[in-house]
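I am opening my notebook on a structure that is new to me. These entries keep to what I looked up, one topic after another.

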Amino acid sequence: MKENNKDIIKKILTSSEVPDEVSPESMKQMLEEKAHRKKRNSIRHTVLKTTAGAAACAVIAGTSVYFAGQRNNHKFDAGESSENSAAEATVPGSHNVKEENQTVSVLRSASDYGDIYRILRRADFMDKFENNFSFSEIELYEEIAGDAVENETSADSNVNGETDRKTHQYSDTYNQEDSVLEADIAKTDGECLYLVSNSTGTDYKTVPYLTAASVDNGSFTGSSQLNIADTLALETDEDYESSVDVHDMYIYNDMLVVIGTFSQYYTGERDFRIYNDCCDCLCGGWYDCDTATFVNIYTTGTEPELLWSYTQDGYYSDVRITGDGIMYVVTNYNSASYNKIDEEESYTEYIPEFSVNGDNSLIPAENIMLPPVGFKTETNIEYAVVGGLDLSEYGKAESTDIKAFSGYPSTIYCSGDNLYLAYGWDETHITRLALENGTITAAATGTVEGYIKDQFSMSEYGGYFRIAATSETYEETNEIFYDEEVVSYSRTGIDNIVYVLDLDLNEVGKVDGIGVGETIKSVNFSGNMAYVVTYEQTDPLFAIDLSNPNAPAVLDEYKLPGYSTYMQQWADGQLFGFGIYADENAREDGVKAIMFDNSEPADLGEIDSICFTSRGEDADYIWSEAAWERKALLIAPEKNIIAFPIIKYDNDLFRRTSDFVFLSFEDGRFTVRGTFSKELLDYDDNSRFVRALYIDDYVYVLSDNRFISADIATLTQVDEIDF
């Protein structure tokens, strides 16, 4: 019989020793001894209602992975790699990677918090920084790091675990993978509309709201607006100010799951003798990085009530819910400056924390990976913190696991079985985390040349991981400026590459030379095909065949002005793109929707396109949030609706107008179905339209302070409600 999460946790806790540093007695003593000091992460919050939970028992011991900073790709297991017997690529630009170019990396986790502290102390950071030395002491890590730990991964594919209560037909956030749910600021369960927003108050400070409105056939029947900050009991020091921001939301298992951050900003006496916690320089805008991400669970309906709360150190990065009902929260954590950590026991200065219903715990040392070649920043430690929360029980979210990884992920991608963390510029460092029953296991790490645009630049399919990156090369030149030699860099080339890696993140094949001299603007992976848009002056769409992982090949290239920043399959043989309109001289002006014909990938074409520019509108400038935030798009082929917001500027009248445009696509043509428009006065962003949803035969257009309903067939307004 397969063990459940609680059985696994119980077995680990009864068979493993709890580190002295995180025992209840040690934690209580440490907190009492440090009560008189100003500590990092001094923000604490308490929920209005609490439910039974075991914060200390929820952490599963394990190892983590450092984003390796070397060109070779690595796997975690210390065993030999299998021989690559694939044939050489025959398509120009395609590459087959030989096994001798692959290496194995041994990674180690901390044995206790002292390991991490000794690295900080022995670095002699300030002396080295002032003398322009780099911080990389491999022998230091070899001396104090523990033994390598081999990881075995096994993850079952699961179906969506969300409670099926759909008595209505309604829209939801588009998920890159069918079995993985993505969050957004607007959601509906078919009975109520929900929006989280950071509205500007009368004192010009932002207020985080959860707005709920019940609907019945286009009519609003009830509403409320909850200040999220009021549900957090924040303990602050007199020298600090607090702020709360809300970022994302789910409806899952009849619960509203709201994700946000709260921060403390130092307002007391400033000491410019030390470096700012978050900056690498002395800067006028002083702030401390006392920031944590919270997950609050509320009841659904027009009067949401707080049921449960969780926090995790660091700025919010991203979140996913996998098919087994586990939510994975990713945050970016900064430690205090090296020279502010004056003793080993100052754990909250350099060890991330998490909290369940106000009960704080440090991440166990064995769940923190020591970087093999030094911390990536010269002033403080940066971690990617990944926490797992089981949402299968109504009213709470049991903490299943939490791990910290050196380095910041700028982008994440999640398949049904694996979570990938990616960051970098000259090189993209990738870490694969195997996910199973809420456990987070470091499985593999690797690098590819170049940087990626977003999550859609990555895909796992058929046992391979595919990633599209832009690689830029620079030339160093030395010039004399005021009798001083100054080093400058000029870009000498741009290339775009689609890589195919195995799940150990070893390179199997690649195709380069895609849009040379241009940068990637959007990517769409669809089975064994990849569609890549690059741009410099024109917008080439490339079709790339990935059916042979060892020899991916470009099948066709289709050029047109402007570029798509997002692409999504509309129907068989039809690929929808949305992005920036540009003329033949690459002058960008407005936005553009386009339908590509990809029925024959070797013969791409354009079916139709529609542009919204200042030339065709009563405006001096037009832009759309949907050009950089694809979730602002409502793409519903089942209702034949494509909708998006645009902002129009009239400089002469100092006027801005917020529109939400609705299109249909039929008989090979785009048609404007209707537009909702609202003038914005005094740069009132609270009135700006941000999302559109549908329930049955009605559409709803949402702003921070007003919801509008309309008949889906005629787009005639039915009702509205103000907040």
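**A sheet, two cores and the cysteines**

I began with a single bridge and found that Ala 384 has Phe 405 of strand 16 as its bridge partner. I keep in mind throughout that this is a predicted model.

Next I looked up how strand 15, residues 382–390, is joined to strand 16, and I noted eight bridges between the two, which run antiparallel. Both strands belong to an open sheet of four strands, whose order is 11-12-15-16 and whose pairing is antiparallel. At its edges I found strand 11 (315–321) and strand 16 (398–406), each of which pairs on one side only. For the turn between neighbouring strands of this sheet I wrote down 20 degrees on average, with direction ignored.

I then turned to the nonpolar cores. The largest has 45 residues, and those with the most contacts inside it are Ile 116, Tyr 250, Met 327 and Tyr 350. Helix 3, which covers residues 113–122, gives the most to this core, namely five residues.

I followed Met 327 further and, leaving aside its neighbours within four places in sequence, I found it in contact with residues including Tyr 250, Val 257, Val 295, Ile 321 and Leu 389. A second core, separate from that one, has 39 residues, among them Val 533, Phe 612, Ile 622 and Phe 670.

Last I checked the cysteines, and my count of disulfides came to zero. I recorded Cys 192 as buried because its relative accessible area is 7%, under the 20% limit. Cys 611, at 33%, I entered as partly exposed.

Terms used: Residues numbered from 1 in each chain as written. Predicted model: local features only at pLDDT ≥ 70, side-chain atom pairs only at ≥ 80, totals over all residues. Heavy atoms only, no water. Core = buried A, V, L, I, M, F, W, Y, C linked by side-chain atoms within 4.5 Å. Buried < 20%, exposed > 50% of the residue type's maximum accessible area, 1.4 Å probe, protein only. Contact = heavy atoms within 4.5 Å. Pairing = 2+ DSSP bridges. Axes fitted to C-alpha atoms, helices over the stretch in contact; angles between N-to-C directions. Disulfide = S-S within 2.5 Å.
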